[in-house]
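Subject: Structure handover

Dear colleague,

I am handing over the structure below, and after it I have written out what was found when its atoms were analysed. Please read the notes with the coordinates open beside them.

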Amino acid sequence: ASSSQDSGRAFLMNGDEMVREVSVQGSQSLSTGVFRLVHKQRSPLWYAPNGYFEARGLALPPQGDKARYLRGALGEFVLFLNQDTPIHSGPIWSEEIGGLKVDESELSRVYYQLEIGTVVEVK
């Protein structure tokens with residue numbers, strides 16, 4: 001997996017008022033648009049796609065196999081804009097994980113401020 005150096009800033013807004021500004025990695029991988037937060041979780045499992053195993057020369061586990069579920073890849077906190085787009089505090093950003101990587105201390109604050117269904121706009 002290749003790491004992305006495309007870092008940027010994200011802004012948590014309440015209407016026109018900026019609540020928090022955070023550093024992020026992976027910002028170029030996001031599609032613009034309006035999303036509703038569909039899921040959030042502490043200490044989540046990450047479901048590794050085929051590419052994760054292929055890139056490492058590992059045997060490919062069957063779909064749904066417990067070997068595909070890895071703890072720690074998404075960090076302690078994750079928010080999902082949709083099924084495939086996490087905002088996570090994992091140790092690295094990679095194309096396999098995708099989404100946005102945010103520092104754990106910053107994401108922990110945002111995690112508790114946002115509820116499921118919160119509108120998130122990516123510009």
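R109 is a convenient place to begin, since its relative accessible area of 41% makes this residue partly exposed; on the scale used here, buried means under 20% relative accessible area, exposed means over 50%, and partly exposed is in between, with a 1.4 Å probe and protein chains only. R109 also forms a salt bridge with E106, in which the closest N and O atoms are 3.8 Å apart, where a salt bridge is a side-chain nitrogen of Lys or Arg within 4 Å of a carboxyl oxygen of Asp or Glu. Both residues belong to helix α2 (residues 104-113), where R109 and E106 are three residues apart, or about one turn of the helix.

Before going further, please keep in mind that this is a predicted model, in which local features need pLDDT of at least 70 and side-chain atom pairs count only at pLDDT 80 or more, while totals for chains, interfaces and linings use all residues. Residues are numbered from 1 along each chain as its sequence is written, and side-chain values use heavy atoms, with hydrogens and water left out.

As to the overall architecture, the protein has two helices and 10 strands, where helices (H or I, at least four residues) and strands (E, at least two) are DSSP runs numbered from the N terminus. Their order along the sequence is β-β-β-β-β-α-β-β-β-β-α-β. The C-alpha atoms fill a box of roughly 50 × 25 × 25 Å along the principal axes, and the radius of gyration is 15 Å, which agrees with the value near 14 Å for a compact globule of 123 residues; the radius is taken over C-alpha atoms, and the globule rule is 2.2 Å times the number of residues to the power 0.38. Of the 123 residues, 38% count as buried. Among contacts with a separation of 6 or more, 55% come from residues 24 or more positions apart, a contact meaning heavy atoms within 4.5 Å.

The protein exposes about 7,300 Å², of which carbon and sulfur atoms supply 49%, the areas coming from the Shrake-Rupley method with a 1.4 Å probe and, for residues, only the protein chains shown counting as cover. There are 12 positive and 15 negative side chains, and the centres of the two sets lie 5 Å apart; Lys and Arg count as positive and Asp and Glu as negative, without His or the chain ends, and each charge is placed at NZ of Lys, CZ of Arg, CG of Asp or CD of Glu.

How many salt bridges does the rule give? The count comes to three, and the pair in helix α2 has already been described. A second pair joins the side chains of E76 and R42, at 2.7 Å from N to O. Because E76 lies in the loop between β6 (69-71) and β7 and R42 in strand β4 (residues 39-42), this pair ties together parts that are 34 residues apart in sequence. E76 is partly exposed at 24%, as is R42 at 38%. Beyond its neighbours within four places in sequence, E76 is in contact with Q41, R42, S43, P44, S89 and E104, and its C-alpha atom is 7.9 Å from that of H88, 12 residues away along the chain.

The remaining bridge is formed by the side chains of R56 and E96, at 3.2 Å from N to O. Here R56 is in the loop between α1 (50-55) and β6 and E96 in the loop between β8 and β9 (100-102), so the pair ties together parts that are 40 residues apart in sequence. R56 is partly exposed, with 38% relative accessibility.

Three further residues may repay a look in the viewer. S43, one of the contacts of E76, sits in the loop between β4 and β5 (45-47), has a positive phi near 45° although it is not a glycine, and is partly exposed at 28%. Q83, in the loop between β7 (77-82) and β8 (85-88), is exposed at 72%, and it is 8.4 Å from H39, C-alpha to C-alpha, across 44 residues of sequence. E121, in strand β10 (residues 119-122), is exposed at 53% and touches G33 and V34 when residues up to four places away in sequence are not counted; its C-alpha atom is separated by 12 Å from that of N14, 107 residues apart along the chain.

With best wishes
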